[in-house]
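This report covers contacts, surface, ring interactions and the pocket of one protein model. The sequence and structure come first.

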Amino acid sequence: MRTGNGIGLGQQRLAERDPLVEKVLPGLPLPNLPMWLAMHRDVRGSVRIRRVADFLHEELKRYSAGAGANSAR
């Protein structure tokens, strides 16, 4: 359910999927920003957490390279 109106920033490819989202200043150039994947050092040694982090790392690399956000996994 969508409520309210507002202005926000987000990833262009994700925003383009929603027909209710529109660009406010389409001519304004925005910089590419770095993406960080972080985890607390206390859980870094967990095999489960490591597997999730590795999966996210690979998928985020694919997404940022333009492979898309819809993984068929």
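Contacts between residues at least 6 apart in sequence include a share of 40% that join residues at least 24 apart. The model behind this value is predicted. Its secondary structure consists of 2 helices, with 0 strands.

The protein has 73 residues, and 5% of them count as buried, which means that they fall under 20% relative accessible area. About 7200 Å² of surface is accessible, and carbon and sulfur atoms account for 56% of that area. The whole-protein values are collected below.

| Property of the protein | Value |
|---|---|
| Residues counted as buried | 5% of 73 residues |
| Accessible surface | about 7200 Å² |
| Accessible surface belonging to carbon and sulfur atoms | 56% |

Ring interactions come next. The count of aromatic pairs is 0. There is, however, a charge over a ring: the charged end of R13 sits over the ring of Y63, at 4.1 Å from the ring centre.

The remaining topic is the pocket. A volume of about 1400 Å³ is found for the largest pocket. Which residues of its lining are the closest to the centre? They are L9, G10, Q11, Q12 and L30, out of 32 lining residues. Two or more residues of the lining come from each of α1 (12–15) and α2 (47–64). Of the elements, α1 gives the most to this lining, with 3 residues.

Key:
Residues are numbered from 1 along each chain as its sequence is written. This is a predicted model: local features need pLDDT of at least 70, side-chain atom pairs count only at pLDDT 80 or more; totals for chains, interfaces and linings use all residues. Side-chain values use heavy atoms; hydrogens and water are left out. Helices (H or I, at least four residues) and strands (E, at least two) are DSSP runs, numbered from the N terminus. Buried means under 20% relative accessible area, exposed over 50%, partly exposed in between (1.4 Å probe, protein chains only). Contact means heavy atoms within 4.5 Å. Accessible areas come from the Shrake-Rupley method with a 1.4 Å probe; for residues, only the protein chains shown count as cover. Rings of Phe, Tyr and Trp (its six-membered ring) pair if their centres lie within 6.5 Å; planes under 30 degrees apart count as stacked, over 60 as edge-to-face and the rest as tilted. A charge sits over a ring if NZ of Lys or CZ of Arg is within 6 Å of the ring centre and within 35 degrees of the ring normal. On a 1 Å grid over the protein atoms alone, a cavity is a set of points where a 1.4 Å probe fits but cannot get out, and a pocket is an open set with protein on both sides within 12 Å along at least five of seven lines; lining residues have an atom within 4 Å of a point. Grid points are joined across faces, edges and corners, and a volume is the space filled by probe spheres set on the points.
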